[in-house]
Each structure stands twice: as structure tokens, then as C-alpha cells.
Amino acid sequence: MSTGVAIAGAAECDLGVTNRSILGLQAQAVKRALDDAGLALRDVDGIATTGVSRFSATQLADYFGIRPRWTDSTYAGGSAFEMFVARATQAIRAGQAETVVISFASNQRSARSRSLGGVVEDHTPEAQFETPYGPLYPLSYYAMAAQRYLHAYGKTREQLAEIAVAAREWALLNPAAFRHGKGPLTAADVLGSAMISSPLTALDCCLVTDGGGAVVLTSLERARDLRRAPVEVLGYGERTTNTSMTAVPDLTVTGAAGAAEEAFARAGVAPADIDVVQVYDSFTITVALTLEALGFCGRGEALDWIAGGRIRPGGDVPLNTSGGGLSYCHPGQFGILLLIEAVAQLRGDAGARQVPGARLAVAHGTGGILSTHATVVLGVDA
């Protein structure tokens, strides 16, 4: 099945420590993605972005000197870019736009902009219940989910560490990865790194880097005449659940299940059909919860399911093949890079980390504190 819309271009901007501005990195990402598609800025009539300013899409359009017919600057954290794929697909199908660029960039490492003090705003209802405890936002919230998960299902921190170990093995195959060349990890390394918010250590947590990227969407018919073979948008789904965790009834259950169910149904495929899996890995626990929600295994089964190298290079479920947010890069919102890596794998462009014969990929973004969830299924012709 197909929506009739495809990704025609995809590219990263510079990653790591760039000492560039956000707009400079955005411009770099967009130009590279348009070049990849064989298109130019004058072809763009739709923009979807966030993280630039209060009016992100307006700011970017003005910076580029274009007047798009359609924009979206929904701020939903790391899932925004998978949401943008759905919105852009709908806009193209409705004739609101012909060529949409989805982009993001951050210079958070160069700017030393990450704050661990929290961003629970004083005027929000949850502030009175959460702020007095001084949580690290979002880390402490994910740590609570991890603590509950390990307790509820009788799992161990060693089992959870496998997610970080596997991510590092993929990063060692990716020259662009921030941790490329740093050597492999062991579970003991993960457990022995600095405890940040129990039970999560530093190596259970995503990187803090500059970076970002862009993808270009257009109709499938048009994409077939462009520079690269199209990657079709087959399905999408999303859920928005909670602002805070004050009233979440079960920290181990997320809205990802509903998002994935809709995406797979639209695409007419099942988890067992997927060749490459790209899921948000802000923390190791995010991956475990997401794999279960997407239907790759049952509730409480993820850490047993991934044992034995299943998600490492050579395993039967290639997961986060770039190295993910844990070892590749994490510029604050990682969802755009999930899409870019999925496209690279489906095109056969992933070099040493290429999954042979990849034809179907899923990209799933998570935003906030397990608050927003969006799934996209992509595919190429066999």
C-alpha cells in the first residue's frame, strides 16, 4: 500500500561540535537534501520545522527568502518530524503543496545550551506536585519509568544495558557517529558509568551534540523522475498522551502502541515484515518500551527479546543502525535523523552498516516525557 507520496531527498547537516548557528545548520541540511533530490530552493512550497524560534517555520522561510503555501511548526519534541511526515503527506495529497522540506538543526553542544535543571513551567498544574522534588527534566521522568519497569517485570540493569551496547556496535560502523572510533561497550561499562538518575547512568542516556538534517517530500509520481529512487510513505500514526507524569497510571505503558497500530494498518504490514527499525533512544528505557508498544514483542518481554545480539549488527532485527541517540548523535530532537537513516538503509546507502535487502523500515519518534508518539512506515520497490 502507498499514500502516493515519497521522500525524494535526505541529508544530515554537520554533526558533533560545529560552532555554527542553528540557521546555518538548517541551511546546510536543507541544501544537502535538495541537492540529493535534484531540486532547488525555488521548488520548495512547503516547510515543516521546529526549534528555530517562536515562529520556526516563518523564521526559516524568511531566512531562505521563500513564501511557502504550507507550513507546520508543531512543537512536539522528538516525535515532531514523524508527525510532519503525516502532515506533509496529507498536504501534498490535498494539493496544498508540491514539495515539502522537513528540517531540524541544533547547536546545543557548541552553545552549551542543555539545562538539567528542568523546564516544568511554574504556571502549569503539575509544577506544584513535581518541582519541589527537583527532577532533572526529562531524565528523572524516564528514570522513574525504568525503575518501575525493572521492578514490575523482574529485569536487571545489565539487561537494559544491552541497548546501549548494541547502539555502540552500530556506531563503530558509522564514520559520522560521535562515538565512532571510541571502541565497543560492555554492560559493565554502562553500569559503571556515572549514576545520573537511578537506575540510569550516563551511558544509558543520549548524547548532547550539534546536528540535524532534512528530508524532501513530493508526490511519488514526481519523485520517480528525480535524481534518486523514491522512498514511499506507506503509513503513519500518532498519539499525544501526557504533559507530566503526575497522573500517569502506568509508567510502562505509552501511546506508541496506538500510533504504531495505525501506521502498520495504513501500510498493510506487520512488525514481522519490517527489515530495519529506527526508534527514538533518548534513554535505554525508551527503546525497551517502544519495542513492546510497536508490537515486536509482548509487554515486559523486550529485554529478554533483545538478548543474544538480536539488535546488534548481524542480528535478525537491525535497530538504530546509525548508532542512535546513544552513540551517533543527539541534537535535542532526534526524530529527523531516524527518518534519514531509514532512507539511507532503504536506498542501500548505509555503507558498512547496510542491512542487506532492506525494503521496509519503521521510524518511531518519542517526545517530551513519553508524551508524544509518532510512527512512520517507509518502503521501496522490491
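Start by selecting helix 11: Thr284, Ile285, Thr286, Val287, Ala288, Leu289, Thr290, Leu291, Glu292 and Ala293 are buried there. The helix spans residues 284–293, and 10 of its 10 residues are buried, so call it mostly covered by the under 20% relative accessible area cut-off. Step just past its end to Gly295, where phi turns positive at about 95°. Keep in mind as you click around that this is a predicted model.

**The sheet**

Now colour the strands. You should find nine of them in an open sheet with mixed pairing, running in the order 3-2-4-7-1-8-11-10-9. Go to the edges next: strand 3 (70–72) sits at one and strand 9 (276–279) at the other, and each has a single partner strand, so one side of each lacks a neighbour in the sheet. Turn the view to look across the strands and you'll see the twist, which averages 25° from one strand to the next.

Zoom in on strand 1 (residues 5–12) and strand 8 (residues 231–240). These two run antiparallel and are joined by two bridges. For a specific spot, pick Ala6; its bridge partner in strand 8 is Glu232.

**Helix 1 on the sheet**

Add helix 1, residues 22–37, which packs on the sheet. Show its contacts and you'll get strand 1, strand 2 (46–49), strand 4 (100–106) and strand 7 (211–219). The helix direction makes about 130° with that of strand 1.

**Helix 1 against helix 2**

Bring in helix 2, residues 56–64. Its axis and that of helix 1 come within 11 Å and cross at roughly 70°. That makes the two helices roughly perpendicular. Which residues in helix 1 meet helix 2? Select Leu23, Gly24, Gln26, Ala27 and Val30 on the helix 1 side, then Gln59, Leu60, Tyr63 and Phe64 on the helix 2 side. Sorted by class, this contact has six nonpolar residues, three polar ones and no charged ones.

**Following the charges**

Time for some salt bridges; the whole structure has 18 of them. Side chains of opposite charge can pair when their charged atoms come close.

Stay with helix 1 and pick Asp36. Its salt bridge partner is Arg228, with the closest N and O atoms 3.0 Å apart. This pair ties together distant parts of the chain, 192 residues apart: Asp36 belongs to helix 1, while Arg228 is in the loop between helix 9 (220–223) and strand 8. Is Asp36 buried or exposed? At a relative accessible area of 16%, Asp36 is buried, because the cut-off is under 20%. Arg228, at 23% relative accessibility, counts as partly exposed.

Leave Arg228 selected and look for Asp349. Those two form a salt bridge as well, with their closest N and O atoms 2.6 Å apart. Here too the link is between distant parts of the chain, 121 residues apart, with Asp349 in the loop between helix 14 (335–347) and strand 10 (360–367). Asp349 is partly exposed, with a relative accessible area of 40%. Add Arg347 to the selection and you have a network of salt bridges linking Asp36, Arg228, Arg347 and Asp349.

**Last stop: helix 10**

Finish with a local pair. Glu262 and Arg266 both lie in helix 10 (residues 256–267), four residues apart, about one turn of the helix. They form a salt bridge, and the closest N and O atoms are 3.7 Å apart. Both side chains belong to partly exposed residues: Glu262 has 30% relative accessibility, and Arg266 has a relative accessible area of 40%.

Notes. Residues numbered from 1 in each chain as written. Predicted model: local features only at pLDDT ≥ 70, side-chain atom pairs only at ≥ 80, totals over all residues. Heavy atoms only, no water. Pairing = 2+ DSSP bridges. Axes fitted to C-alpha atoms, helices over the stretch in contact; angles between N-to-C directions. Contact = heavy atoms within 4.5 Å. Buried < 20%, exposed > 50% of the residue type's maximum accessible area, 1.4 Å probe, protein only. Parallel < 35°, antiparallel > 145°, perpendicular 65-115°, else oblique. Nonpolar A, V, L, I, M, F, W, Y, C, P; charged D, E, K, R; others polar. Salt bridge = Lys/Arg side-chain N within 4 Å of Asp/Glu carboxyl O.
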